[in-house]
Amino acid sequence: MREGKQKLFSIITSALLALVGLFLFFGGAQLMVLGGSWFYVLAGCLLLAVAVAGVKAPQLAMRVYAAFLVVATIWALTETGFNIWGLEVRLLAPIGFGAWMLLPWVWRSGGNWLADKRDMLGAIGLAVVVLVISCFTSYSIDGTVPDDRMAAQGQADPAADGVADADWQAYGRTMGGDRYSPLAQITRGNVSHLKRAWVTRTGDVEQDGEGTVAGPDQGHEFNLEVTPLKVGDTLYMCTPHSWVMALDATTGKVKWKFDPHPDTADLAKNVYLACRGVSYYRIPDEIQTSCRTRIYSPVADVRIVALDAETGKPCDDFGDHGFISMRAYLGHVPHGFHFITSPPLVAKNRLITGGWIFDNQANFEPSGAIRAFDATTGEIAWAWDAGHSPETWKPGPTDVLTRDTPNAWGVYTADPALGMVYIPTGNAPPDNWGGSRRPFDDATSSATIALDIVTGERRWTYQTVHHDLWDMDIPSGPSMVELPGPNGESIPALVQSTKRGEFFVLDRRTGAPVPGYPVEERPVPTAGAAPDDRVSPTQPYPAAMPSLTPPNLKESDMWGATLLDQMICRIQYRQSAYEGQFTPPHVGRTTIVYPAFYGVVDWQGITIDPQRKIMLANASYLPFRIKLEKRQGLEGKGVLPRWNGQGEEPAAKGDALSVSPDYGTPYIALTNPWLNPLQIPCKGPVWGTITAIDLVTKKIVWQHPVGTTRDTGPFRTHNNLPLPTGMYNIGGSIVTRGGLVFMGATADDYLRAFDLATGKVIWTDRLPAGGQATPMSYEIGGKQYVLIAAGGHGGLGTRSGDYIIAYTLDGEKGAASAQ
């Protein structure tokens with residue numbers, strides 16, 4: 001019986017090794033032909049030899065496999081050093097197979113177990129020792145904010161003028177968008193006592209067909225990304241289906257709820273179901289109105305509603321009984337082609353907004369023009385239209401703004417004292433081919449643009465990417481800060497974050513780089529672009545500021561769960577066009593885009609402590625791949641239906657990511673995150689970080705991986721080992737005078753508090769759903785609260801929910817419900 005069992009397991013072992021060996025040999029041969037690593041061919045040969053020897057000479061098979069494991073360990077160290085994530089993918093599966101061979105009934109020669117397995121034990125021991133040593137490798141930059149900087153207070157903060165310390169009156173607390181709370185009841189010393197004070201469930205939950213990866217024919221991203229406002233004793237917020245709600249700031253009880261009942265045709269076509277926030281405004285006393293304090297909120301069917309902040313009823317003197325339509329002045333707008341996910345900016349009796357234009361569908365899409373409305377009446381005040389002459393004008397009822405201009409879909413910031421609003425722009429559609437872009441498109445895309453709040457006149461423009469072919473639009477308005485000048489003066493500055501992971505420090509009066517924060521034009525790859533497009537030979541780089549841009553990828557950076565899927569990624573790397581950042585999209589050949597359009601830093605923007613002059617940024621790292629294909633062939637085969645822009649877009653097309661129809665251009669674009677067949681990223685950890693940058697010394701103070709794999713399992717499940725890889729994150733951070741940084745954002749469903757001085761995590765709370773929103777903090781009744789929306793994010797695949805959670809030092813778990 002024992003001999004039969006040993007023979008069976010030996011045959012199974014040889015068969016598995018033969019299959020793996022064949023896969024590695026033929027795949028490795030392909031990789032070598034492409035100019036890649038030789039190791040996989042060697043590994044395939046050794047494993048095939050082991051498989052053959054195992055049938056007749058098991059002792060020899062054991063020795064050859066032990067030799068393979070030693071070679072693999074040396075090779076792994078040569079490629080990655082003591083990098084635990086690089087070693088794990090190269091060694092864990094071979095160690096596991098070696099451990100299988102240690103079983104008493106596998107490949108026995110008749111001697112005692114130790115004599116049979118001695119060579120294998122030694123090889124496994126060597127590999128395990130290497131892995132254990134690598135576990136002590138740090139992926140952090142350790143540092144400390146000096147004590148005198150931590151204690152700094154009394155610095156000028158014009159953005160906070162008129163905002164009570166206890167309140168959070170705008171998306172970033174102030175119009176300047178620094179996300180800094182001057183409250184200090186919760187400190188580094190007592191944050192361990194932070195507990196839930198109340199939990200409210202809004203009742204707005206994802207419906208059937210929602211919550212999936214974006215695509216109008218495949219479902220909709222259901223994302224609770226909201227940061228509520230707090231004014232007086234009330235919190236104001238919106239939900240993914242456009243409900244507007246007011247909550248009691250002390251208890252979380254719902255004061256009122258307003259459902260604008262969006263047009264179901266738009267809801268059915270919208271790629272994203274999200275609302276990041278509402279806007280609060282008090283109409284000036286000299287203007288007559290029965291609706292003095294107002295909440296403005298975007299509606300998913302391209303409207304904006306103005307509600308009485310006290311009652312939640314529409315303000316009758318605003319637009320059409322409380323509503324204005326953002327379809328006005330845009331001409332033909334197919335359902336789902338335009339909507340607003342970010343709160344409008346309201347200042348000086350102007351309501352200023354743009355919106356999201358459906359990416360990559362055509363080069364004749366609706367206008368991306370910025371519009372301002374009278375905040376009292378809803379009447380159009382001005383439109384900034386890059387393609388019109390003059391570019392700032394007041395369109396009439398039948399006028400149509402220039403189609404296909406760059407849009408601005410993120411949160412805007414403003415300096416009311418200077419009278420300027422700062423607009424972060426994207427591209428003229430489509431994103432990845434610019435052959436039909438007009439001069440004014442190229443001049444105003446991927447830029448920070450300062451407009452006069454009252455008149456709409458353009459004051460200045462600063463472009464962060466020239467002729468953008470990578471969707472490196474600016475997803476968030478800049479954050480304001482006062483910086484010391486070279487002669488001791490205070491310079492009103494702003495810091496513009498980018499998807500590239502670069503930070504531009506500009507004088508917010510002029511748009512010029514602040515002295516001491518220069519920007520350089522550096523050469524970038526230009527070869528291989530579409531023949532009917534062009535590529536900018538240089539791109540701007542902040543020369544003095546630290547960068548979160550990742551290093552260019554190498555073949556040895558490729559990752560996976562095993563050597564097998566890692567090899568596939570290496571083959572794909574060698575097959576792809578890639579010369580580093582800004583490699584232009586190629587026609588008929590896959591191009592690697594890294595950093596990609598999901599970040600480094602996305603719509604959450606950055607956080608600035610205006611007293612300590614410390615900037616905080618959380619970043620994500622995930623490469624994408626894109627390929628341009630000639631549309632004529634695909635349309636001729638009927639794979640892609642034709643469309644000329646009249647009526648609704650054809651239903652039989654791809655989604656917002658994988659297939660970009662790009663109607664009106666010679667190409668379609670195929671775009672996807674770069675994952676291997678096991679749906680594991682081809683670029684290994686670290687996948688997410690949080691970084692503190694000293695804006696005075698222009699150095700990184702500290703940087704740490706943030707987030708674990710606990711809630712990111714195979715096949716989009718929410719169970720995994722909590723490996724400290726750093727995780728993809730969507731949502732921002734806040735900083736407080738108490739010396740704390742609060743952030744949810746990561747894909748492992750935690751709210752964390754970091755010590756601002758060191759970046760170390762000093763408190764956590766497990767959230768009931770993904771916390772892909774920016775927290776906020778406020779004070780009422782003598783207590784400081786920290787609050788976050790936990791509702792998940794369809795694109796990130798986190799758990800969905802409808803939770804609003806508030807914390808205090810003496811919190812007691814409680815619950816309120818909107819239902």
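Let me start with F582, which at 5% relative accessibility counts as buried in this predicted model, because the cut-off for buried is under 20%. F582 lies in the loop between α9 and β29, and although F582 is not a glycine, its phi is positive, at about 75 degrees.

A second residue can be described in much the same terms, and that is D404, which lies in the loop between β19 and β20. D404 is not a glycine either, and yet it has a positive phi of about 70 degrees. Is D404 buried or exposed? With a relative accessibility of 5%, D404 counts as buried.

While we are looking at the backbone, let me turn to two peptide bonds. The bond that joins S389 and P390 is cis, with an omega of about 0 degrees, and P390 is found in the loop between β18, residues 380-384, and β19, residues 392-393. The peptide bond from Y594 to P595 is also cis, with omega near 0 degrees, and here the proline, P595, sits in the loop between β29, residues 591-593, and β30, residues 607-609.

Now to the interior, and I will begin with a general remark. In soluble globular proteins, nonpolar side chains tend to be buried together. In this model the largest nonpolar core has 65 residues, and the ones with the most contacts inside that core are L17, F39, Y40, Y65 and W107. Which elements give two or more residues to this core? They are the helices α1 (2-33), α2 (39-56), α3 (58-80), α4 (84-101), α5 (113-134) and α9 (563-575), together with the strands β32 (624-630) and β34 (667-673). The largest share of the core, ten residues, comes from α3.

If you would like one residue to follow on the screen, take F39, which, leaving aside its neighbours within four places in sequence, is in contact with F68, V71, A72, W75 and L563. There is also a second, separate core, made of 54 residues, and Y236, C238, I804 and I805 are among them.

From the packed residues let me go on to the empty space. Rolling a probe the size of a water molecule over the atoms shows where empty space is left. How many cavities of 30 Å³ or more does a search of the whole structure find? The search finds eleven of them, and the largest cavity has a volume of about 520 Å³. That largest cavity is lined by 32 residues, and those that lie nearest its centre are Y272, W356, D359, W409 and Y598. Three strands, β3 (221-223), β8 (272-274) and β16 (356-357), each supply at least two residues of its lining. As for the character of that lining, its residues divide into 13 nonpolar, ten polar and nine charged.

I would like to close with three single residues, each of which you can find in the structure above. T808 is found in strand β43, residues 803-808, and T808 is buried, with a relative accessible area of 3%. Its side chain is joined to the side chain of D810 by a polar contact of 3.3 Å. Not counting residues up to four places away in sequence, T808 touches H193, L194, K195, A197, Q784 and Y785.

Next comes G731, which has its place in the loop between β36, residues 699-705, and β37, residues 733-736. Its relative accessibility is 0%, so G731 counts as buried. Which residues is G731 in contact with, if we leave aside its neighbours within four places in sequence? They are W603, Q604, N618, A745, Q772, A773 and T774. The last of these, T774, is 43 residues from G731 along the chain, and the C-alpha atoms of the two are separated by 5.0 Å.

Finally there is L418, in the loop between β20, residues 413-415, and β21, residues 420-424. L418 counts as partly exposed because its relative accessibility is 28%, and the range for that label runs between the limits of 20% and 50%. Not counting residues up to four places away in sequence, L418 touches R459, R508 and R509. From L418 to P492 there are 74 residues in sequence, whereas in space the two are 9.9 Å apart, C-alpha to C-alpha.

Notes: Residues are numbered from 1 along each chain as its sequence is written. This is a predicted model: local features need pLDDT of at least 70, side-chain atom pairs count only at pLDDT 80 or more; totals for chains, interfaces and linings use all residues. Side-chain values use heavy atoms; hydrogens and water are left out. Helices (H or I, at least four residues) and strands (E, at least two) are DSSP runs, numbered from the N terminus. Buried means under 20% relative accessible area, exposed over 50%, partly exposed in between (1.4 Å probe, protein chains only). Contact means heavy atoms within 4.5 Å. A nonpolar core is a set of buried Ala, Val, Leu, Ile, Met, Phe, Trp, Tyr and Cys residues joined through side-chain atoms within 4.5 Å. On a 1 Å grid over the protein atoms alone, a cavity is a set of points where a 1.4 Å probe fits but cannot get out, and a pocket is an open set with protein on both sides within 12 Å along at least five of seven lines; lining residues have an atom within 4 Å of a point. Grid points are joined across faces, edges and corners, and a volume is the space filled by probe spheres set on the points. Ala, Val, Leu, Ile, Met, Phe, Trp, Tyr, Cys and Pro count as nonpolar, Asp, Glu, Lys and Arg as charged, and the others, Gly among them, as polar. A polar contact is a pair of N or O atoms within 3.5 Å; within protein, one must be able to donate a hydrogen and the other to accept it, and residues adjacent in sequence count only if both atoms are side-chain atoms.
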